[in-house]
Amino acid sequence: MVTETNESHLLIIEDDQGRKEFILDRPVYSIGRDRDCDIRLISQFVSRRHATLVRMPRAGKKHCYYYRIVDGDAKGKPSSNGLMINGRKMPAHDLKNEDEIVFGPQVRAIYYLLKDSLRSGGQTDSSEYDITLINPGMTEDMED
């Protein structure tokens, strides 16, 4: 039986307006305070064009990719404060599941790589489900 993995990319942003979720599926995203950014951050401490997300092909795997976050805009102009990724200041980083990106005070994102296994053929392995059946008589107190 062939198992195919379907990946989803999710970015959860927390800024001055609360929490927002973005499902990533496009090749490039601009991130920043500017109204024209694909992912808008609401904070005075964030650059207008703070970062760029770029989709990159995963070597040796068809239809699989990952996202690289790069400080600044698509033209190479860096942001004022840079990026902190998992506690370290970095100009660029290939994102991995649960990476934390800090753009400024109280403005951060967490990246999630979600994997779903799809089995071809529509067959389900019975060990995939753990079903315990309970007889209604088993739930009564046994203090007789």
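This is a short walk through the model, one selection at a time.

Before you click, note that this is a predicted model, where local features need pLDDT of at least 70, side-chain atom pairs count only at pLDDT 80 or more, and totals for chains, interfaces and linings use all residues. Residues are numbered from 1 along each chain as its sequence is written, and side-chain values use heavy atoms, with hydrogens and water left out.

**Stop 1: the sheet**

Switch to cartoon view. Strands here are DSSP runs of E with at least two residues, numbered from the N terminus, and two of them pair if DSSP finds at least two bridges between them. Five strands make an open sheet with mixed pairing, in the order β4-β3-β5-β6-β9. The edge strands are β4 and β9, each pairing on one side only.

**Stop 2: β3 and its two partners**

Select residues 28-32, which is strand β3. Four of its five residues are buried, so β3 is largely enclosed by the rest of the structure; buried means under 20% relative accessible area, exposed over 50%, and partly exposed in between, with a 1.4 Å probe and protein chains only.

Now add β4: β3 and β4 run parallel, with two bridges, and Gly32 sits opposite Arg40 of β4. Swap β4 for β5 and you get an antiparallel pairing with β3 over four bridges. To see the register, pick Ile31 with its bridge partner Ala51 in β5, then Val28 with Val54 in β5.

**Stop 3: across to β6 and β9**

Keep Val54 selected and add Arg68, its bridge partner in β6. β5 and β6 are antiparallel, joined by seven bridges. Strand β6 covers residues 65-71, and five of those seven are buried, so β6 too is largely enclosed by the rest of the structure.

Carry on to β9 (residues 92-94), which runs antiparallel to β6 over three bridges. Val70 is the one to click here, as Val70 stands opposite Ala92 in β9.

**Stop 4: the tyrosines**

Show Tyr29, Tyr65 and Tyr67 as sticks: ring pairs link them into a cluster. Rings of Phe, Tyr and Trp (its six-membered ring) pair if their centres lie within 6.5 Å, with planes under 30 degrees apart counted as stacked, over 60 as edge-to-face and the rest as tilted. That rule gives two aromatic pairs. In one of them, Tyr65 and Tyr67 meet edge-to-face, at 5.8 Å centre to centre and 80° between the planes.

Is Tyr67 buried or exposed? Tyr67 is buried, with a relative accessible area of 0%.

Stay on Tyr65 and bring in Arg55. The charged end of Arg55 sits over the Tyr65 ring, 4.6 Å from its centre; the criterion is NZ of Lys or CZ of Arg within 6 Å of the ring centre and within 35 degrees of the ring normal.

**Stop 5: Ser47 in its loop**

Jump to Ser47, in the loop between β4 (39-40) and β5 (51-57). Ser47 is buried, at 11% relative accessible area. Leaving aside neighbours within four places in sequence, its contacts (heavy atoms within 4.5 Å) are Gly32, Arg33, Ser79 and Ser80. For Ser80, look at the backbone nitrogen, which lies 3.0 Å from a polar atom of the Ser47 side chain.

**Stop 6: two cysteines**

Finally, select Cys37 and Cys64. Cys37 is buried at 8% relative accessibility, and Cys64 is buried at 14%. How many disulfides are there? The count is zero, where a disulfide is a pair of cysteine sulfur atoms within 2.5 Å.

Terms used: Polar contact = N/O pair within 3.5 Å; in protein donor to acceptor, adjacent residues only side chain to side chain.
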